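Hi everyone, thanks for coming. Please have the model up on your screens, and let's walk through it together.

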Amino acid sequence: MIFDLAHPSQLMQAFGPDLLLMAGAMVLMLWAAWRPESNEHQRAVGMASLVLIAATMALCFWYSMRGLSSTQGIIAVDNFRWAVDIICLLGAAGAIALGMEYNAREHILPAESHVLVLFATSGMMVLAAARDLMIVFLGIELMSVAIYVLAGLNRRSAKSAEGSLKYFLLGAFATGFLLYGIALVYGATGSTSLVEISRRTAGQALLLNPMMLVGTGLLVIGFGFKIAAAPFHMWAPDVYEGAPTPITAFMATAVKAAAFATFLRVWVEAMPGMGAAWLGPIWWLAVAAMFIGNVVALSQRNLKRLLAYSSIAHSGYLLVAVAEGTTRGATAFLFYLVAYTLASFGAFAVVIMVGREGDANNDLVDYEGLWHVRPALALAMGVFMLSLMGFPVFGGVGFFGKWYLLTAAINAPRPLIVLAVVLVMTSVVSAGYYLNVIRLMFMKARPDGAPVPERAGGLTRSVVFIAAAAVLILGIVPGRLINWSRDSVPRTQQMEAAAANAVH
Amino acid sequence: MLGEALALSAVLFTIGVIGVLTRRNAIIIFMCVELMLNAVNLSFVALSKVYGATGQVFVVFTMTVAAAEAAVGLAIIIAIFRHQRSVNLQNINLLKG
């Protein structure tokens with residue numbers, strides 16, 4: 001079926017899953033505010049949110065199975081959108097599941113916290129669909145404003161407030177750059193539609209227009225902030241440390257996935273001609289993120305900060321796929337995004353289980369000898385660390401993620417050999433801190449008097465178990481995931497024309 | 001006219017950026033961010049004279065979003081004031097490493 005986006009009713013249908021989530025979230029917001037704050041109410045709203053997410057995810061699957069498409073318009077109806085939606089919804093489901101038990105432990109009683117995750121997720125879904133810079137802006141803001149609040153959710157914690165303030169100020173600053181970039185691109189091309197921009201920049205003259213160049217540069221800076229790529233990463237460690245851990249996991253996975261996916265779509269669909277001109281800046285961004293993320297992570301003593309720097313390094317790896325800019329690169333990008341989301345979410349879930357009330361016990365010393373007191377937890381953490389590092393077999397899907405990134409970079413039309421070498425070298429550096437966590441857990445004795453992590457609730461344990469199982473199983477049979485990623489890459493008009501020619 | 005409006009918008013945007021980078025008071029930084037957003041609005045309005053209504057529609061969206069952001073932002077600044085008794089970023093340095 002082809003949606004005609006000029007018709008309001010068909011536009012609404014094309015927005016189906018997004019509208020379901022938004023409408024459901026608004027109803028849940030009313031219900032959340034209806035009753036006085038209590039732990040039971042918070043859990044009930046959380047459960048309802050999980051049901052809503054499951055329904056939205058089912059609708060996304062249904063839409064993606066029907067092979068829908070649309071006329072040219074403000075939103076895209078393609079597999080890339082559904083793939084990103086599903087990754088973000090998985091992240092949201094994990095954040096709410098972890099949040100229900102974490103909030104009870106930390107006495108964060110407002111039930112609205114789960115609904116805000118839903119609002120942020122609807123922003124991500126708008127982002128995944130956006131095919132117009134106006135929608136990109138609205139999606140980013142819908143997502144970010146909810147995340148600013150979520151970062152400061154723990155009102156009793158000064159750290160949480162501080163992280164929230166830093167995120168808000170730098171996020172709003174980045175929004176200014178993004179918006180000015182959009183304005184200049186609009187000024188140079190006369191349109192905010194991605195397809196229209198790519199058509200009008202097809203002639204080389206516009207590509208060298210100073211307004212277009214500055215506009216694209218500001219767009220890159222704006223997206224660089226949102227995806228936490230070095231040198232625009234300075235907010236990330238502070239915000240990740242200060243925010244409640246389930247929200248940190250949400251920011252490190254779903255927020256990054258949505259911002260990155262939009263970046264990729266804008267890059268591939270609106271500026272296919274700009275790719276060559278901008279290879280240099282993207283190249284340096286990728287190198288800086290990989291280098292700074294991995295080297296600074298070596299000196300971290302707090303596991304949340306360590307994972308923050310690791311997520312900056314992973315932004316660098318993903319930027320390699322963006323720099324590559326072809327179908328193969330986009331396939332590797334989606335595959336890596338899934339692998340990274342699973343491993344990173346699992347790692348943050350373990351951080352929650354080892355941590356204690358007051359967001360304490362997040363330091364590396366608290367992991368010494370974990371194997372002797374909680375062997376299953378230590379094993380799961382080992383799997384996540386190896387997966388983030390890209391270790392074969394025991395690291396599961398993480399290894400294949402890096403493998404596909406490397407093959408995409410080497411087989412690109414303009415081979416990115418140096419970038420591939422930097423990726424491998426910095427991955428070796430990353431072993432320094434990932435393996436250190438494993439060494440502490442398995443080879444050190446548990447210090448005397450160190451508290452044994454309490455048994456966490458069923459939801460937290462199932463998040464850890466599902467993430468670990470998915471990492472390992474997808475590491476043994478990555479075929480389906482790679483096929484799914486290949487079917488879900490964003491397609492430009494030229495690519496669609498080429499595919500149509502190949503069929504006829 | 002278009003050239004002058006775009007130049008003014010660029011100057012205002014730059015003043016906003018310099019303000020964010022040099023000031024230490026959270027509220028003044030926030031005001032500078034708003035200046036940046038409004039500078040962009042000026043660009044959009046000026047450009048819509050050439051390209052039609054899209055720019056003006058964008059301005060309405062930007063103002064709405066900026067208002068929502070201001071509501072959340074001021075709430076966050078109040079939250080930090082309750083903890084620190086100050087909104088000066090030099091006094092806000094629990095998170096380090």
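One term before we start: a residue is buried if 20 or more other C-beta atoms lie within 10 Å of its own, exposed if 12 or fewer, and partly exposed in between, with the C-beta atoms placed from the backbone. Helices are DSSP runs of H or I of at least four residues, numbered from the N terminus.

Now the ground rules. This is a predicted model, where local features need pLDDT of at least 70, side-chain atom pairs count only at pLDDT 80 or more, and totals for chains, interfaces and linings use all residues. Residues are numbered from 1 along each chain as its sequence is written, while chains are lettered from A and ligands numbered from 1 in the order in which they are written.

On confidence, the model scores ipTM 0.95 and pTM 0.92. Chain B averages a pLDDT (the predictor's confidence in each residue, from 0 to 100) of 89, and 97% of its residues score at least 70.

Let's look at helix 10 of chain A. Which of its residues are buried? They are M212(A), G215(A), T216(A), L218(A), L219(A), V220(A), I221(A), G222(A), F223(A), G224(A), F225(A) and K226(A). That is twelve of 17, so to speak of this helix as mostly covered is fair. The expected span is 1.5 Å times one less than the number of residues; for residues 210–226 that gives 24 Å, and the end C-alpha atoms are 25 Å apart, which agrees. After helix 10 comes A228(A), with a positive phi near 55°.

Next, A14(A), in helix 1 (residues 8–14) of chain A. Why is A14(A) buried? Because 28 other C-beta atoms lie within 10 Å. Leaving out residues up to four places away in sequence, A14(A) touches F3(A), L5(A), S70(A), I75(A) and V77(A); contact here means C-beta atoms, placed from the backbone, within 7 Å.

On to the largest nonpolar core, a set of buried Ala, Val, Leu, Ile, Met, Phe, Trp, Tyr and Cys residues joined through C-beta atoms within 7 Å. Of its 230 residues, A258(A) and Y336(A) touch the most other members. Helix 16 (residues 327–354) of chain A gives the most to this core, with 21 residues.

Finally, the two chains meet through 33 residues from chain B and 34 residues from chain A. On the chain B side, helix 3 supplies the largest share, 15 residues.

Key:
Helices (H or I, at least four residues) and strands (E, at least two) are DSSP runs, numbered from the N terminus.
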